[in-house]
Amino acid sequence: MQPQDERYSRILAAALEAFAESSFRDATTDEIARRASVSKRDIYAVLPNKHAILIAVINMVLQADDENLLSVISLTAESTSLQERLEVIGLALINEILSPGTGFLFRLVGSESIQHPQIGAVYFENWYTRRTGLISQVLSMQLVSATKSVRRYQDPNQAAKHYVALIAHLPQLTVSVGMRNIWGAKSVQAHVKSSVECFLRAYPSFA
């Protein structure tokens, strides 16, 4: 069975459901196999233990989020206002964080990475590092656009890290402590708007 196999996808979807309903520690491979309509042998053929299953689930959820963010970045490429583009991208980032699947994984990774640091490393690489890389590309393109010239001391990579921190830190913190319900449409929009304005004040040459 290969990662692109339909059964493999069923296993990961079943594992995410089982982890969410029973907790990671209580969910069993028997239960995952039952939900996925496969045998335990099918699971162990590609995923040798529960932590390997968790890492695969993390990759599955974040890959879907990655595709959504890439779509948003592509759709906003023709925007004449960097502020408007960063606000739309910021909304997409917060929607990821507040989504049930990603929010659950964020909490689960936080608890399991204490004893299994590789789980935290996978999440960090596939969420934070990937997101800052994509934002850095957006900012780099802004610097070399027809009406811009590259200026000294501008580091798109560092700026992207600051942008992601401004947008994501508070939502991730509230999700991690079970306070997701404080975010409504208006509060999300207000947070994104103020974060982007703060970012552009700190990096006026990107505007």
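**Exercise 1. Which residues form a nonpolar patch on the surface, and how much accessible area do they have together?**

Before we start: this is a predicted model, where local features need pLDDT of at least 70 and side-chain atom pairs count only at pLDDT 80 or more, while totals for chains, interfaces and linings use all residues. Residues are numbered from 1 along each chain as its sequence is written, and side-chain values use heavy atoms, with hydrogens and water left out.

*Step 1.* Get the rule straight: patch residues have over 30% relative accessible area and no salt bridge, with like charges joined within 9 Å and nonpolar side chains (Val, Leu, Ile, Met, Phe, Trp, Tyr) within 5 Å. Areas come from the Shrake-Rupley method with a 1.4 Å probe, and for residues only the protein chains shown count as cover.

*Step 2.* The patch consists of Leu170, Leu173, Val177, Met179 and Ile182, with about 420 Å² between them.

*Step 3.* Take Val177 as an example. It sits in the loop between H8 and H9. Its relative accessible area is 52%, so it counts as exposed (over 50%; buried is under 20%, partly exposed in between).

**Exercise 2. Describe the fold in plain numbers.**

*Step 1.* Count the elements: nine helices and zero strands. Helices (H or I, at least four residues) and strands (E, at least two) are DSSP runs, numbered from the N terminus.

*Step 2.* Check the extent: the C-alpha atoms fill a box of roughly 60 × 35 × 30 Å along the principal axes.

*Step 3.* Look at the burial: 42% of the 207 residues are buried. The chain exposes about 10900 Å², and carbon and sulfur atoms supply 55% of that.

**Exercise 3. Find the largest nonpolar core and the helix that gives the most to it.**

*Step 1.* A nonpolar core is a set of buried Ala, Val, Leu, Ile, Met, Phe, Trp, Tyr and Cys residues joined through side-chain atoms within 4.5 Å.

*Step 2.* The largest one has 63 residues, and Phe19 and Tyr163 have the most contacts inside it. H4 gives the most, with 11 residues.

*Step 3.* Zoom in on Phe19. Leaving aside neighbours within four places in sequence, its contacts include Phe24, Ile53, Val57 and Phe104 (contact means heavy atoms within 4.5 Å).

**Exercise 4. Work out the surroundings of Leu69.**

*Step 1.* Leu69 is found in helix H4, and a relative accessible area of 1% makes it buried.

*Step 2.* Skip its neighbours within four places in sequence, and Leu69 is in contact with Ile89, Ala92, Leu93, Glu96, Arg131 and Leu134.

*Step 3.* Two of those names, Glu96 and Arg131, also pair up in a salt bridge, with the closest N and O atoms 3.1 Å apart. A salt bridge is a side-chain nitrogen of Lys or Arg within 4 Å of a carboxyl oxygen of Asp or Glu. Arg131 lies in helix H7 and Glu96 in helix H5, 35 residues apart.

*Step 4.* Arg131 counts as buried at 0% relative accessibility, and Glu96 is buried too, at 6%.

**Exercise 5. Buried or exposed: what are Glu112 and Arg25?**

*Step 1.* Find the link: their side chains meet in a salt bridge (3.5 Å, N to O). Glu112 is in helix H6 and Arg25 in the loop between H1 and H2, 87 residues apart.

*Step 2.* Glu112 is buried, with a relative accessible area of 4%, whereas Arg25 is exposed at 57%.

*Step 3.* For context, the salt-bridge count comes to 13.

Note on methods: Buried means under 20% relative accessible area, exposed over 50%, partly exposed in between (1.4 Å probe, protein chains only).
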